[in-house]
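Could you walk me through this model, one selection at a time? I have the viewer open and would like to know what to click on next and what is there.

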Amino acid sequence: MYKYHRTQKYDKRFLSQNFMGPNAMLMLDEITQSIELMKGMRVLDLGCGKGLTSIFLAKEYGVQTFAVDLWISATDNYRRFLQMGVDDLAIPIHANATVELPFADEYFDALISVDSYHYFGNNDDYFEKHLKPLIKKGAPVAIAIPGTKQEMNGTIPDELKPFLDDEGFATLHCIKWWTQILEKHLDDFSIKEMDCTDTAWSDWLASDNPIAKRDIDMMKAENGKYLNLISITGKRR
Ligand SMILES: C[S@@+](CC[C@H](N)C(=O)[O-])C[C@H]1O[C@@H](n2cnc3c(N)ncnc32)[C@H](O)[C@@H]1O
């Protein structure tokens, strides 16, 4: 059973204003309970969005966090890191994870990715080609993603068609599908539906974000049948 006392310390309004999907901090709180992070480690926070996860990593674990994102600018995240007093530990970087990540080989002691890996890592080559070189052997890896309870192979269920497009839905897969993609790269591989699934979704739906307002009807139509959140942890092989 997971406890989320770390996330509970943060201002709910600040979190809600910076959500881009299901509560990223709660998801991170859960996945980091299954890996070992130590002060001074160099961590790649890939697809960090508005940096909530990087703030958490810096504050809660004292790790040096490279906060990489595509849609959110480095300046935008830098301002948030200053506001939260973590600009010494969280380094904002604007980069596309599918092109070339601007880091030295074996630079990172850990990889974290919350609610973003499904956009760029949902294929057989990504981890091997783009991430494995950057992460030290044996380094902890923790990924949290939205997924599906059973494999849908990109077919949107009728009830969800009004809310989703083919491209977005094609990024969502089940536990068995993700196991085939990532198990071969990780020792101590573990994959499961996240305990925080319901709370992380409800926190998002309660936020003022216009996309969340639209997702309320989607989650009503979904009615617990298809969508979940999936955690994947292990150590880089
Ligand atoms: C739904 S948002 C989640 C953001 C954040 N992790 C969170 O949970 O609040 C997905 C994030 O994935 C990032 N992303 C998608 N494709 C990317 C890529 N090719 N390279 C880097 N980041 C990417 C986007 O920039 C976006 O911020």
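Before the first click, one working rule: two strands count as paired if DSSP finds at least two bridges between them. Keep in mind too that this is a predicted model.

**Stop 1: the central pairing**

Select strand β1 (residues 42–46) together with β4, which pair in the parallel sense over three bridges. Within this pair, look for V43, which stands opposite A110 in β4. Now turn to the other neighbour: β4 and strand β5 (residues 140–148) also run in the parallel sense, over four bridges. Here L111 is the residue to pick, and V141 in β5 stands opposite L111.

Stay on β4 (residues 110–114) and ask how many of its residues are buried. Five of the five are, so the strand is largely enclosed by the rest of the structure. Colour A110, I112 and V114 to see them point one way from β4, then L111 and S113 to see them point the other way; all are buried.

**Stop 2: the whole sheet**

Zoom out to see the open sheet of seven strands, in the order β3-β2-β1-β4-β5-β7-β6 and with mixed pairing. Which strands stand at the edges? Select β3 (90–94) and β6 (186–193): each has a single partner strand, so one side of each is left without a neighbour in the sheet. As you rotate the view, note that neighbouring strands of this sheet are turned by 20° against each other on average, direction ignored.

At the β6 edge, add strand β7 (residues 227–236), which pairs with β6 in the antiparallel sense over six bridges. To find one of these bridges, click L186 and then its partner in β7, R236.

**Stop 3: around the ligand**

Next, select the ligand and the 21 residues around it. Of these, A24, G49, W71, A97 and S116 come nearest. The elements that give two or more residues to this shell are α4 (52–61) and α6 (117–120). If you colour the shell by class, you will get 11 nonpolar, seven polar and three charged residues.

Follow α4 away from the ligand view for a moment. Is this helix mostly covered or mostly exposed? Mostly covered: seven of its 10 residues are buried, namely L52, T53, S54, I55, F56, L57 and A58. Just after α4, click G62, which takes a positive phi of about 65°.

**Stop 4: two helices that cross**

Select helix α10 (residues 197–205) and helix α11 (residues 210–222), whose axes come within 8 Å and cross at roughly 130°. The two are therefore oblique to each other. Show side chains for W201, W204 and L205 on α10, and for A212, D215, I216 and M219 on α11, since these make the contact. By class, the contact has six nonpolar, no polar and one charged residues.

**Stop 5: a loop on the outside**

For a last stop, find G40 in the loop between α3 (24–31) and β1. Is G40 buried or exposed? G40 has 11 other C-beta atoms within 10 Å, and a residue counts as exposed at 12 or fewer, so G40 is exposed. Finally, draw a line from G40 to I175: they are 135 residues apart in sequence and 32 Å apart in space, C-alpha to C-alpha.

Technical notes. Residues are numbered from 1 along each chain as its sequence is written. This is a predicted model: local features need pLDDT of at least 70, side-chain atom pairs count only at pLDDT 80 or more; totals for chains, interfaces and linings use all residues. Axes are lines fitted to C-alpha atoms, for helices over the stretch in contact, and angles run from 0 to 180 degrees between N-to-C directions. Angles under 35 degrees count as roughly parallel, over 145 as roughly antiparallel, 65 to 115 as roughly perpendicular and the rest as oblique. Two residues are in contact if their C-beta atoms, placed from the backbone, lie within 7 Å. Ala, Val, Leu, Ile, Met, Phe, Trp, Tyr, Cys and Pro count as nonpolar, Asp, Glu, Lys and Arg as charged, and the others, Gly among them, as polar. A residue is near a molecule or strand if its C-beta atom, placed from the backbone, lies within 6 Å of it. A residue is buried if 20 or more other C-beta atoms lie within 10 Å of its own, exposed if 12 or fewer, and partly exposed in between; C-beta atoms are placed from the backbone.
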